[in-house]
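Here's a quick briefing to read alongside the model. Keep the 3D view open and follow along.

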Amino acid sequence: MGKLVFLKFAEGSFEQGFAVTLQIGEERERATTEVTGKLPPFPEMPLYYNHWQSSYRQIGNRYRLYAEQVQVTNVSMIQDCENTSHVLRVRFNTWLRAEEFRSIREKWLERLSSTEQVRVILQTENSQLQLLPWHLWDLLERYPKAEIALSSPTYDRIHNLRTPNPLVNILAIVGNSQGINTQADRALLQECSNAEVSFLVEPQRQELTEHLWGKNWDILFFAGHSSSQGNRECGRIYLNKTDSLTIGELKYALRKAIENGLQLAIFNSCDGLGLARELADLQIPQIIIMREPVPDQVAQEFLKYFLQGFARGESLYQSVRQARERLEGLEDRFPCATWLPMICQNPAQMPPTWDELRSTESEQTSNSPVSIKRRFSIALSFSVTITALVFGVRLLGVLENPEIQAFDQMMRSRPEEVIDPRLLVITIDDDDLATQRKNGESLIGASISEKSLNKLLQKLNQYQPRAIGLDIYRDFQAKDRDLINRLQKTPNLIGVCKGSDGTANIGGIQPPPEIPTTNLGFSDFIHDRDGVIRRHLLFMNQEPTSLCSASYSFSLQLASLYLRPLGINVKFTPQGNLQLGKTVFPNLNSRSGGYQNIDANGGQILLNYRSTKQIAQQVKLTQFLSDPVNPNAINNRIVLIGVVSRGDSPDTWPTPYGVPLDEQMPGVLVQAHMVSQILSAVEDGRPLLRVWSLWYEIVWIWGWSLVGGILAWRKLSLPWLALVVGVSSSVLYLVCFGLLISGAWVPFVPSALSLLATIGLMSIYNSKKN
């Protein structure tokens, strides 16, 4: 839907200036923006227009003005017209850039996008203001989909019981054609698709009146000679060689035609502002006129271009603008041809499209209450059936893989977040391993030597971190007495072990024997069927024969140690969900979100990865041991120690951010994401990823299926159908993406399938019925 803009001019003059009000809103809605401004006095402006008008009319190009007024075009006259038009354009835009008018200009630029369709309606009774070349306003020229129309400040809506015609009914009046070629106009009208054209060639007054009364016309067209009189307060059309009429002399017949549904009058003739003023008093919805005498060829080319665009489906305003601008190719012979076409609008009416002017019998029938009720019933039944089928297929697990692929795509597309300032990760890469070997340090059974580990713990404790997480398996007794003592007596040190799984024949890994059991956490990850880690295991009951007895995860142990000074301890709700402070971590079920029939043992939640290229500050082991340390980088933080080496036995895992080996995430960084998720949820209110209940998901999927039925309510052409599918699918994706960012994983793939399937079924139904 486009924008509707009003420029309302209060009483004023070029000697005193004009007060102006700008209103901006959506089509068919009340204005949401209003601002006032002023155009300063500029008494010379009418003179600039008169100079241009005089030079333009002296050219004398076979105008559709009076049959006697035909002159020979002079090259110097064309040049003079171009010069005066340039001066008028410059002076006009200088006036519109006045400081008093700046508020109007700035509000326009603020509220309107150059990509939007914009209808601009200029409301004024001042005929000199109406005549100015508003289409040359430099602000308007920035908006390729905008067009301006004139309107009277006083208007009313004619309520009529218009019966749509199967074809667009056009009454074409061909008046006195002396000296001009109206045959081209007739040929162009006859080429219109889905139109029925009735021609009146040089009619008598009674014949014209009878036709206006006798049928519900959609478009009134006039070609021939016309003129404005009385300071453009009234207009006259020349019916034949002897008769002419003012609009006032056709008042009753025209009023009847408007009551019967006349939507548009096109006067492809000269000097039409007087005609438009009188027709506006009759409340006709739309009028297209020529502001000045129009050369014969210009009138024909405009009509051709306008009918091509309008009958093709372009809006009336866009059709006029495009047709007007295409006249530029004639301006070497007919200067200022692009200045001539103008729209006059009744603001109470909405401009129709070509298709809205016509309606097939089946479309008329489809608007009946019985048909609307039936179509709604059909759409409702289709949506319910499709929802049931899609949800049944989903429960069978057929959609699980595409759903989690869509989930991964959305996770990767989220806005960037800042790194977690509560964490520091000390990494051990291939260079660190090589350095230790070069220094003669033994790495048997571990990725860090006892000497380096002892030195590392010693240096860390100097700066009082709140928790230290050693994400390195040490299932053997240390030999260094100093290290043994340090491992035993470091209260904020958390070690890791790995639980066993008898069903999968996976043996566990023992914890470091020196670290107390209360300071142990399991490092087990839960990966999906494709090997990707999307879930976070917080706690579990270990098997009786497991080598690892830890009930809480490594990440939970570190987070709880960090939160303990704040008075936040691990608790469980009556439903068995973990609770830290006021934050509850709801367990996943075997059917949660896109997952169908997963192993949901233990306390599992979705892992809401922090959307950042680097989860926390990182420093290499060798660098940390050899360089000075900033105390603020360690004090009161959680320090994780782990391997990021890509060597012989890499500790890397597939995540939504990368599945290939070279894109996988080191285990210590996965642990950092898990710790960050817990802390961010408890301290920052960062949303956990949750899923809806089964019934909410059913209603959601059915709702989008119903949307599809409503969108395909009427028979649509293939391009329109493709547009509907593209826009609705995009909106669905954006809504699901927005909900994911806010913490809800809602069904996208099932909803998209339901939406598209219902659109498809309704389209097939419409094609069979129409």
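What follows is a short tour of two strand pairings, a pocket, a small sheet and one loop residue.

Bear in mind that this is a predicted model. The stops include a pocket with a volume of about 830 Å³ and an open sheet of three strands.

**Strands 19 and 23**

- Strand 23 covers residues 603-606, and its side chains split two ways: Gly-603 and Ile-605 point one way, Gln-604 and Leu-606 the other.
- Whichever way they point, all four of these residues are buried.
- Strand 19 (residues 535-539) runs antiparallel to strand 23, and four bridges join the two.
- To find the register, look at Phe-539, which stands opposite Gly-603 in strand 23.

**The second largest pocket**

- This pocket comes out at about 830 Å³ in volume.
- It's lined by 29 residues, and the closest to its centre are Asp-501, Phe-525, Ile-526, Leu-537 and Asp-599.
- Strand 19 turns up again here: it gives the largest share of the lining, three residues.
- The lining is a mixed bag, with 10 nonpolar residues, 10 polar ones and nine charged ones.

**The three-stranded sheet**

- The strand order in this open sheet is 20-21-22, and the pairing is antiparallel.
- Strand 20 (570-572) and strand 22 (583-585) sit at the edges with a single partner strand each, so one side of each has no neighbour in the sheet.
- On average, neighbouring strands here are turned by 35° against each other, ignoring direction.
- Three bridges hook strand 20 up with strand 21 (residues 578-580), and the two run antiparallel.
- Within that pair, Val-570 stands opposite Leu-580 in strand 21.
- Helix 20 (residues 667-684) packs on the sheet, where it touches strand 21 and strand 22.
- The direction of helix 20 makes about 145° with that of strand 22.

**Glu-44 in its loop**

- Where does Glu-44 lie? You'll find Glu-44 in the loop between strand 3 (33-39) and helix 1 (45-59).
- Is Glu-44 buried, exposed or partly exposed? Its relative accessible area is 37%; buried means under 20% and exposed over 50%, so Glu-44 counts as partly exposed.
- Glu-44 and Arg-91 are 47 residues apart in sequence, and their C-alpha atoms are 9.3 Å apart in space.

Notes
Residues numbered from 1 in each chain as written. Predicted model: local features only at pLDDT ≥ 70, side-chain atom pairs only at ≥ 80, totals over all residues. Heavy atoms only, no water. Buried < 20%, exposed > 50% of the residue type's maximum accessible area, 1.4 Å probe, protein only. Pairing = 2+ DSSP bridges. 1 Å grid on protein atoms, 1.4 Å probe; cavity = no way out; pocket = protein on both sides within 12 Å on 5 of 7 lines; lining within 4 Å. Points joined across faces, edges and corners; volume = space filled by probe spheres on them. Nonpolar A, V, L, I, M, F, W, Y, C, P; charged D, E, K, R; others polar. Axes fitted to C-alpha atoms, helices over the stretch in contact; angles between N-to-C directions. Contact = heavy atoms within 4.5 Å.
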